[in-house]
Amino acid sequence: MSRYRPPRKPGSFYITPEGYTKLKDELDYLWRTQRPQVTQAVSEAAALGDRSENAEYIYGKKLLREIDSRVRFLRKRLDQLTVVTTLPEDTSRVYFGARVTVEDEDGVETTWRIVGPDEFDLKSGLLSMDSPLARALMGKTIDDEIVIRVDDKETYYCVTQISYQES
């Protein structure tokens with residue numbers, strides 16, 4: 001069985017100012033705080049002697065590789081992203097950055113904010129613009145109905161509210 005996996009399709013390159021700040025803060029923390037601490041721990045572990053059986057050294061080196069990998073990813077990704085700071089001309093329609101309240105077939109209302117793929121968090125109500133629901137919502141207005149098909153199941157939603165204010 002092959003271990004080959006085709007490369008993932010890159011997500012959209014849009015991000016909110018809050019999401020950009022969060023990624024920038026993560027990069028700063030990893031590079032200026034966590035990496036120097038781990039580097040110090042690795043050098044102390046290396047001074048203890050035999051590195052082949054030194055668990056602290058081995059774990060520290062692995063952690064450094066993970067930090068460096070994440071730092072490389074964040075630097076590259078932050079250079080590619082476009083921070084969306086302006087509102088769309090037509091705020092009566094759903095676009096990037098909108099807070100959208102949808103009602104499902106059972107009358108349950110859910111509010112989502114449409115954000116970039118690097119900042120989505122379903123528990124916080126942040127929905128990636130690349131998700132099927134967000135793609136179906138784009139361009140819709142209040143009282144528009146959408147249908148999401150997953151496998152053989154259809155789910156109907158109705159847009160009940162659209163806003164672009166921060167809350």
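**Two domains, one predicted chain**

Let's start with Val42. At 8% relative accessibility, Val42 counts as buried, because the cut-off for buried is under 20% relative accessible area. Keep in mind that this is a predicted model. Val42 sits in helix 1, which covers residues 17–46.

Now take a long view from that residue. How far apart are the C-alpha atoms of Val42 and Gly139? They are separated by 52 Å. Along the chain, the two residues are 97 apart.

Next, the annotation. An unreviewed UniProt entry places "domain: Transcription elongation factor GreA/GreB N-terminal" at residues 14–83. In the model, that span is 80% helix and 6% strand. Its end C-alpha atoms are 6 Å apart.

On to the second domain. The UniProt entry, again unreviewed, puts "domain: Transcription elongation factor GreA/GreB C-terminal" at residues 91–164. What is the helix and strand content there? The span is 8% helix and 45% strand. The end C-alpha atoms of residues 91–164 lie 7 Å apart.

Last stop, the surface charge. Which residues gather in a patch of positive charge? Arg51, Lys61, Lys62 and Arg65 do, on the surface. Take Arg65 as one of them. Arg65 is placed in helix 2, residues 55–80. Is Arg65 buried or exposed? Arg65 counts as exposed, because its relative accessibility is 53% and the cut-off for exposed is over 50%.

To recap the two side chains: Val42 in helix 1 is buried at 8%, whereas Arg65 in helix 2 is exposed at 53%.

Definitions and conventions
Residues are numbered from 1 along each chain as its sequence is written. This is a predicted model: local features need pLDDT of at least 70, side-chain atom pairs count only at pLDDT 80 or more; totals for chains, interfaces and linings use all residues. Side-chain values use heavy atoms; hydrogens and water are left out. Patches are made of residues with over 30% relative accessible area and no salt bridge: like charges are joined within 9 Å, nonpolar side chains (Val, Leu, Ile, Met, Phe, Trp, Tyr) within 5 Å. Accessible areas come from the Shrake-Rupley method with a 1.4 Å probe; for residues, only the protein chains shown count as cover. A salt bridge is a side-chain nitrogen of Lys or Arg within 4 Å of a carboxyl oxygen of Asp or Glu. Lys and Arg count as positive and Asp and Glu as negative; His and the chain ends are not counted. The place of a charge is taken as NZ of Lys, CZ of Arg, CG of Asp or CD of Glu. Helices (H or I, at least four residues) and strands (E, at least two) are DSSP runs, numbered from the N terminus. Buried means under 20% relative accessible area, exposed over 50%, partly exposed in between (1.4 Å probe, protein chains only). UniProt positions are given in the numbering used here, feature names are shortened, and annotations may be inferred rather than shown by experiment.
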